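Work through these short exercises with the sequence and the model open. Try each task before you read its solution.

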Amino acid sequence: MNARCVSGTHSGRPGAWEGGALRPPPALRSRSTASGVRGGPRLRPAPPHVTRSGMVSPPPGAAARAWLRVGPAPRPLMGSQGGVGPPGNGGPGEGESGETRKLQEEGRAARGKRRKGKGKAGAGQGGKGNGAEGKPEPPQAKEETGMGAEAGPSAGLGKARERGGSVEEGARRLVRGDEGSAGARKEAKGRGEGKKEEWRVRTGRRESARPARAQGRGGQAWGRLAGTRAAMATAAEEEAAAAREPACRPAAGPALLRLPEELLLLIFSYLDMQALGRLAQVCRWLRRFTSCDLLWRRIARASLNSGFTRLGTDLMASVPVKERVKISQNWRLGRCREGILLKWRCSQMPWMQLEGDSLYISQANFILAYQFRPDGASLNRRPLGVFAGHDEDVCHFVLANSHIISAGGDGKIGIHKIHSTFTVKYSAHVQEVNCVDCKGGIIVSGSRDRTAKVWPLASGRLGQCLHTIQTEDRVWSIAISPLLSSFVTGTACCGHFSPLRIWDLNSGQLMTHLGSDFPPGAGVLDVMYESPSTLLSCGYDTYVRYWDLRASARKCVMEWEEPHDSTLYCLQTDGNHLLATGSSYYGVVRLWDRRQRACLHAFPLTSTPLSSPVYCLRFTTRHLYAALSYNLRVLDFQNP
């Protein structure tokens with residue numbers, strides 16, 4: 001019997017052994033079964049012989065019968081796709097008949113590839129090899145891939161004959177398939193070598209970067225591969241350059257964008273904050289155009305603590321108005337982060353002032369100057385300067401004309417130059433000096449000895465009293481008018497029916513008194529001028545009162561009551577809508593919108609065991625600072 005049949009051909013005629021399963025005739029199958037091939041000892045098959053015409057034939061004689069003994073594979077092998085073929089049904093086996101099944105599978109692979117139009121031959125199971133597709137093979141399939149490559153030419157030529165094509169055409173297709181398989185192997189080898197080289201570079205960089213890890217882990221993470229830092233730096237420079245370039249007005253778009261900028265400013269000025277924010281998301285040019293301060297100025301004047309006074313004066317011209325409006329929403333909603341700037345061991349009654357990026361605070365009989373860090377929510381621990389001169393605690397101080405004017409419990413007034421060591425102190429009152437103010441080269445002071453005095457700040461006349469005013473009551477607070485024509489005193493309201501009285505600064509005569517319905521003991525602990533004709537006061541009667549001298553001196557224009565009936569030690573205003581007060585219990589700081597009666601927000605800064613009054617508070621457009629008995633607190637509204 002002639003057994004030269006591969007890929008479904010027998011003596012050059014298709015259909016003798018169908019399906020390419022290499023099934024022998026029934027007579028030969030029965031003979032093999034009868035002789036105990038499946039259960040008997042396996043014979044080592046002789047290698048197949050390839051003829052000149054490309055046909056595979058077994059060796060003659062007994063070797064042919066052994067070559068045809070096909071038994072079940074002991075275990076299946078993995079192909080290039082990792083699939084497993086069933087034993088005895090087209091799946092490659094490991095044993096005596098494994099080479100025959102590999103030839104069959106290679107023939108199926110060639111037919112499958114040509115049906116898809118790829119024209120490539122590869123090794124795999126069930127005609128699904130990936131060697132010709134240029135993909136790296138798994139390590140388990142390397143041996144099968146090599147054997148399939150050897151059997152590929154025979155399978156390809158057999159399929160060409162089956163379709164009636166020429167042997168040369170089949171050979172050309174197989175050559176292209178071999179080239180694809182070789183390219184895939186080269187690519188897989190290159191990837192493996194690239195991974196090894198990358199691992200070597202990473203290991204070397206890790207060893208060389210150990211001494212420099214303290215400089216920052218971010219740079220180490222991005223600097224593992226060569227050239228990454230340079231690429232990132234170049235990208236950052238290009239982005240910064242693009243940001244610096246002025247955005248051009250879009251050539252195409254709605255007719256609204258082609259209007260002159262003056263008309264656009266007029267139209268956009270009627271938009272509210274939300275509409276301007278959405279408009280800024282349309283394009284880069286509109287984002288920059290809507291960031292103009294003129295558009296946000298009207299919105300900022302209606303916002304809380306945006307840096308604009310009631311008269312429209314901009315107190316923070318260096319900060320963009322849009323940024324201030326954004327932060328003002330945190331003040332309105334009460335969103336902030338609390339922190340502690342300074343601590344001290346013993347209980348004190350501190351007072352503080354702000355000037356630029358510096359904070360001045362009194363501790364016992366000293367005044368210390370600290371510099372803010374760039375975030376504004378922390379201080380440099382080392383003070384810039386220490387100003388001393390009082391024998392007892394500093395009760396109050398102000399900053400004026402590069403001087404610190406302080407009032408002490410020893411009855412003295414101290415004058416310190418901020419940028420030098422010049423210090424002068426002189427006796428001003430018999431008892432402790434509770435308050436002091438200075439404007440236009442004039443110093444006014446109030447004391448527990450029921451007097452208020454006027455002093456010059458000129459260097460040649462220091463310590464010379466200009467006027468002594470008998471207030472008939474202890475003076476707790478004092479303030480000079482912005483017009484430098486008068487000053488107001490707040491007393492304990494024990495010897496007079498009105499604790500607020502206005503005096504002429506030049507003559508020392510009483511001009512008027514404010515209010516007439518104060519209960520006894522409703523002393524005024526803090527008073528401040530907001531404008532030449534308006535002022536604010538607070539004290540023991542738990543009210544904040546707003547006075548307008550143009551309307552009436554007998555009754556306040558507006559008043560706000562402390563909800564918990566606590567004494568109000570201090571107050572501060574932004575000159576427009578925001579008002580902040582400090583209470584006597586639990587360090588409560590309250591924010592008020594002067595357009596409303598009710599309190600806007602309350603922030604208790606101490607707990608029950610450490611209950612403390614808020615002796616002094618100051619704020620900027622981004623932070624609020626409160627001085628308590630044991631520490632200095634900050635409320636950060638910029639980064640809540």
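**Exercise 1. Cysteines**

Decide whether cysteine 616 is buried or exposed, and find how many disulfides the model has.

Solution.
Step 1. This is a predicted model. Cysteine 616 has a relative accessibility of 0%. Buried means under 20%, so cysteine 616 counts as buried.
Step 2. Look for a partner. The closest cysteine sulfur to that of cysteine 616 belongs to cysteine 570, 5.8 Å away. A disulfide needs the two sulfur atoms within 2.5 Å. The distance is therefore too far for a bond.
Step 3. Check the total. The count comes to zero disulfides.
Step 4. Turn to cysteine 556. Its relative accessibility is 14%, so cysteine 556 counts as buried too.

**Exercise 2. A nonpolar surface patch**

Place isoleucine 267 and tyrosine 270 in the secondary structure, then class each by its accessibility.

Solution.
Step 1. Isoleucine 267 sits in helix α8. That helix spans 261-268, and tyrosine 270 lies in the loop between it and α9 (273-279).
Step 2. Tyrosine 270 has a relative accessible area of 67%. Exposed means over 50%, so tyrosine 270 is exposed.
Step 3. Isoleucine 267 has 38% relative accessibility, so it counts as partly exposed.
Step 4. Both belong to a nonpolar patch on the surface, together with Leu256, Leu263 and Leu266. The patch has about 500 Å² of accessible area.
Step 5. Now list contacts of isoleucine 267. Leaving out residues up to four places away in sequence, isoleucine 267 touches Leu256 and Leu259.
Step 6. Compare sequence with space. Isoleucine 267 and leucine 295 are 28 residues apart in sequence, and their C-alpha atoms are 9.7 Å apart.

**Exercise 3. The whole chain**

Find how many helices and strands the chain has, and which element has the lowest mean pLDDT.

Solution.
Step 1. Count the elements. The chain has twelve helices and 32 strands.
Step 2. Look at burial. Of its 640 residues, 46% are buried.
Step 3. Look at the surface. The accessible surface is about 32,700 Å², and carbon and sulfur atoms hold 53% of it.
Step 4. Check the confidence. The mean pLDDT is 75, and 62% of the residues score at least 70. Strand β1 (residues 9-10) has the lowest mean among the elements, 40. Strand β31 (residues 623-627) has the highest, 97.
Step 5. Mark the stretches with pLDDT below 50. Residues 1-57 form one of them, with 73 contacts beyond near neighbours in sequence. Residues 61-96 form another, with 81 such contacts.

Definitions and conventions: Residues are numbered from 1 along each chain as its sequence is written. This is a predicted model: local features need pLDDT of at least 70, side-chain atom pairs count only at pLDDT 80 or more; totals for chains, interfaces and linings use all residues. Side-chain values use heavy atoms; hydrogens and water are left out. Patches are made of residues with over 30% relative accessible area and no salt bridge: like charges are joined within 9 Å, nonpolar side chains (Val, Leu, Ile, Met, Phe, Trp, Tyr) within 5 Å. Accessible areas come from the Shrake-Rupley method with a 1.4 Å probe; for residues, only the protein chains shown count as cover. A salt bridge is a side-chain nitrogen of Lys or Arg within 4 Å of a carboxyl oxygen of Asp or Glu. Helices (H or I, at least four residues) and strands (E, at least two) are DSSP runs, numbered from the N terminus. Buried means under 20% relative accessible area, exposed over 50%, partly exposed in between (1.4 Å probe, protein chains only). Contact means heavy atoms within 4.5 Å. pLDDT is the predictor's confidence in each residue, from 0 to 100.
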